[in-house]
Amino acid sequence: MPSDERSPWRFRGEPLALEWEADGWHLRVVQPYRALKVYRCPGCDQEILPRTMHVVVWPEGSPQQRRHWHRPCWERHFTELRRGGERGRRRRA
Ligand SMILES: [Zn+2]
């Protein structure tokens, strides 16, 4: 994520918005006090409990495809995407 110097993530919007973009993905950090529902993380297929800091990610320009992820799950998934591209995605399927 953004703390890594090699990270492709670029800060976007206002400082308090906690929004970033990279490689056509848009990411928003959801603060614990704003996380009021239970979501299912597509990375590990486990629930994201309320009051848990997590991230919402969607393809740039397609906010209707947004997904809630545990932060480490998304980071792992994103690393795989960047490393393997389409090949990596097929291997998982
Ligand atoms: Zn997860």
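Biologist: Which residue takes a positive phi in the hairpin of strand 2 and strand 3?

Modeller: Keep in mind that this is a predicted model. The hairpin of strand 2 and strand 3 has 2 residues between the strands. A positive phi near 50° is found there, in a residue that is not a glycine. That residue is Asp23.

Biologist: Thanks! Is Asp23 buried or exposed?

Modeller: Asp23 belongs to the loop between strand 2 and strand 3. A residue counts as exposed if 12 or fewer other C-beta atoms lie within 10 Å of its own. Asp23 has 11 such atoms, so the residue is exposed.

Biologist: Where is Arg51 found, which also has a positive phi?

Modeller: Most residues other than glycine have a negative phi. Arg51 is not a glycine, yet its phi is near 70°. Arg51 has 10 C-beta neighbours inside 10 Å and therefore counts as exposed. As for its place in the chain, Arg51 is in the loop between strand 5 (47-48) and strand 6.

Biologist: Let me step back to the whole chain. In what order do its elements run?

Modeller: Happy to zoom out! The protein chain has 1 helix and 7 strands. Buried residues are 14% of its 93 residues. Reading from the N terminus, the elements follow the order β-β-β-β-β-β-β-α.

Biologist: In what order do the 5 strands of the open sheet stand?

Modeller: Strands of a sheet pair through backbone hydrogen bonds, either parallel or antiparallel. In this open sheet the pairing is antiparallel. The order of the strands is 1-2-3-6-7.

Biologist: Which strands stand at the edges, and why is one side of each left without a neighbour in the sheet?

Modeller: An edge strand here has a single partner strand, so one side of it lacks a neighbour in the sheet. From one strand to the next, the twist averages 30°. The two strands at the edges are strand 1 and strand 7 (67-69).

Biologist: Which residue stands opposite Arg12 in strand 2?

Modeller: Strand 1 covers residues 10-12 and strand 2 covers residues 19-22. These two run antiparallel and are joined by 3 bridges. Opposite Arg12, in strand 2, stands Glu19.

Biologist: And which residue of strand 3 stands opposite Glu21?

Modeller: Strand 3 spans residues 25-30. Its link to strand 2 is antiparallel and consists of 4 bridges. The residue in strand 3 that faces Glu21 is His26.

Biologist: Moving on along the sheet, what is the bridge partner of Val30 in strand 6?

Modeller: Strand 6 is made of residues 54-59. Strand 3 and strand 6 pair over 6 bridges, in the antiparallel sense. For Val30, the bridge partner in strand 6 is His54.

Biologist: One more residue, please: is Phe11 buried or exposed?

Modeller: Phe11 lies in strand 1. Its C-alpha atom is separated by 9.7 Å from that of Leu27, a residue 16 positions away along the chain. Phe11 has 12 other C-beta atoms within 10 Å, so the residue is exposed.

Biologist: Last one! What share of the contacts with a separation of 6 or more comes from residues 24 or more positions apart?

Modeller: For this question, two residues are in contact if their C-beta atoms lie within 7 Å. Among contacts with a separation of 6 or more in the protein chain, the share from residues 24 or more positions apart is 34%.

Definitions and conventions. Residues numbered from 1 in each chain as written. Predicted model: local features only at pLDDT ≥ 70, side-chain atom pairs only at ≥ 80, totals over all residues. Pairing = 2+ DSSP bridges. Buried ≥ 20, exposed ≤ 12 C-beta atoms within 10 Å, placed from the backbone. Axes fitted to C-alpha atoms, helices over the stretch in contact; angles between N-to-C directions.
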